[in-house]
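The following report describes a single protein chain, and it is meant to be read alongside the sequence and the coordinates.

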Amino acid sequence: MSPDTENSTHVFLSETEHHGSPVTDPEGLRARIVQHALFAERLVVTDSQVLHNAALRSLLGGRTPSSAEWRADLAELIRSDMLVVVRRDSASSFREIRDEHEARGVNDVPAEEYAELMDEITEGHVVPYSVDRASELFRRRTANRLAELIGPPDDDYARTLRSAVEWIRGQDPLYYNSLRGWIEERRATHRDTSEVALEAVERSANWSFRTTLPAVLEMPVAWGAVRTPATVALQGEAPPEESALPGYALNPYVLARLPAGVVNEAVGLESRKVVVDQFARAHSGRPVDTDALKNGVEDFCMHLQEAAVAAFRGLDADALAAVRDERVRARLHISPPSVATGAVDTLIGLISSGFNPASLMLNLLSVPFDVLQDKKERKLKKESERFRAAWRLEKQLPEHEKLLRIVSPTEPPE
């Protein structure tokens, strides 16, 4: 499955990654998954996520239909093809992958029964991907990213990163678990090792791991976040050109409990089809009918609210009250087209009126990672360039005018 990025309405769900994921509880993760599922035609997760993310395992393999905080019914989304699982082409089953990972000492390997349950649930619903291509890209991205951070001086920081790059380029394939083993071995046996450099190795590997498959699949990424400064800017009265929406669309309490059956029923709504198409256009630089997008989102949210009320009535009074709560509204923000790509940024943010619940922010579709780097990585590159500029300036000065080095390669990023 490698759909053309411009036309793809399938999006990669990055928040289910098990290495360094910001969401580790089933309730929060389910809220994210459902939120994205409402606004993207299909969501894509990987075999490693399904096997090693403990929170996702709870949502897929729960032995009860729900808990007091969340529903363990997301297998329904796999059976309806709303949630697409991609599996490496080198294995014919999840049990086979699970056993191989256990033999290599991979962390968080599930029980045999769970892997067999996933084989049962995903039968006829699995899409293969090239594990060789993904493995090579993971190795190359990790090594190249670290090579960019090596500064001119031959100090502990540079030597540690240089050793990491040499070791990584010698691995075929490169396993994340093996890289962590190298980090621990380096820390234990080399007194001149830079801890900041080892942190950079871990961070770069994490970035590469999270971004490799979206690049292999040529697929945009679904991004969501807890409330951030970006949502604060959206608080207050919405401008006339923006659309006010029910606040439940950002409420994790509601989304963690919204039955998967309701999500599957929503897939067929005509208004949702309009929304999915316009969002895909927005983030690929194609012309967007903003009126159609606003009207589609408003109509879809209205119908979904009716379905949620029907699902919670008589069964979950607290969730029902949260769906009907008018004190909190959301709004759809549509940015001007980007000069570089023509893409339009779309954001659902919070409008609060004397009430500030926990909420999510949804940047509905992002361009692929190849086009837009994450914030931490941009900062790392900026810090590296600052250091190199300072080093070049110092070389040009007479010895007695040498500057104190205020920009250091061992200065940890924020």
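In which loop is Asp108 found? In this predicted model, Asp108 lies in the loop between α5 and α6, and its phi is positive, at about 60 degrees, although the residue is not a glycine.

**Overall make-up.** The chain holds 17 helices and 9 strands, and buried residues make up 51% of its 414 residues. Among the contacts with a separation of 6 or more, 75% are accounted for by residues 24 or more positions apart.

**Helix α6 and its surroundings.** In helix α6, which spans residues 112–122, the buried residues are Tyr114, Ala115, Leu117, Met118, Ile121 and Thr122. Because these residues cover an arc of only 155 degrees around the axis, they are placed on the same side of α6. An α-helix has 3.6 residues a turn, so residues three or four places apart point the same way. On the other side of α6, Glu113 and Glu120 are exposed. The buried residues of α6 pack against the helices α2 (47–52), α3 (54–60), α4 (75–79) and α5 (94–104), and also against the strands β3 (83–88) and β4 (126–129).

**Backbone features.** Just after α6, Gly124 takes a positive phi of about 85 degrees. Asp81, found in the loop between α4 and β3, likewise has a positive phi without being a glycine; its relative accessible area of 32% means that Asp81 is partly exposed. A cis peptide bond runs from Asp172 to Pro173, and Pro173 has its place in the loop between α8 (156–169) and α9 (176–189). The angles are collected below.

| Residue or bond | Angle | Value |
|---|---|---|
| Asp81 | phi | about 70 degrees |
| Asp108 | phi | about 60 degrees |
| Gly124 | phi | about 85 degrees |
| Asp172 to Pro173 | omega | near 5 degrees |

**The pair α7 and α10.** The axes of helix α7 (residues 131–149) and helix α10 (residues 195–217) come within 8 Å and cross at roughly 140 degrees, and the two helices are therefore oblique to each other. The crossing in which α7 passes α10 is right-handed. On the α7 side, the contact is made by Arg133, Ala134, Leu137, Phe138, Arg141, Thr142, Arg145, Leu146 and Leu149, while the residues from α10 include Ala200, Val201, Ser204, Trp207, Phe209, Leu213 and Val216. Taken by residue class, this contact of α7 with α10 divides into 13 nonpolar, 5 polar and 3 charged residues.

Definitions and conventions:
Residues are numbered from 1 along each chain as its sequence is written. This is a predicted model: local features need pLDDT of at least 70, side-chain atom pairs count only at pLDDT 80 or more; totals for chains, interfaces and linings use all residues. Side-chain values use heavy atoms; hydrogens and water are left out. Axes are lines fitted to C-alpha atoms, for helices over the stretch in contact, and angles run from 0 to 180 degrees between N-to-C directions. Helices (H or I, at least four residues) and strands (E, at least two) are DSSP runs, numbered from the N terminus. Angles under 35 degrees count as roughly parallel, over 145 as roughly antiparallel, 65 to 115 as roughly perpendicular and the rest as oblique. A crossing is left-handed if the near helix is turned anticlockwise from the far one by less than a right angle, and right-handed if clockwise. Contact means heavy atoms within 4.5 Å. Ala, Val, Leu, Ile, Met, Phe, Trp, Tyr, Cys and Pro count as nonpolar, Asp, Glu, Lys and Arg as charged, and the others, Gly among them, as polar. Buried means under 20% relative accessible area, exposed over 50%, partly exposed in between (1.4 Å probe, protein chains only). The arc is that of the directions from the helix axis to the C-beta atoms.
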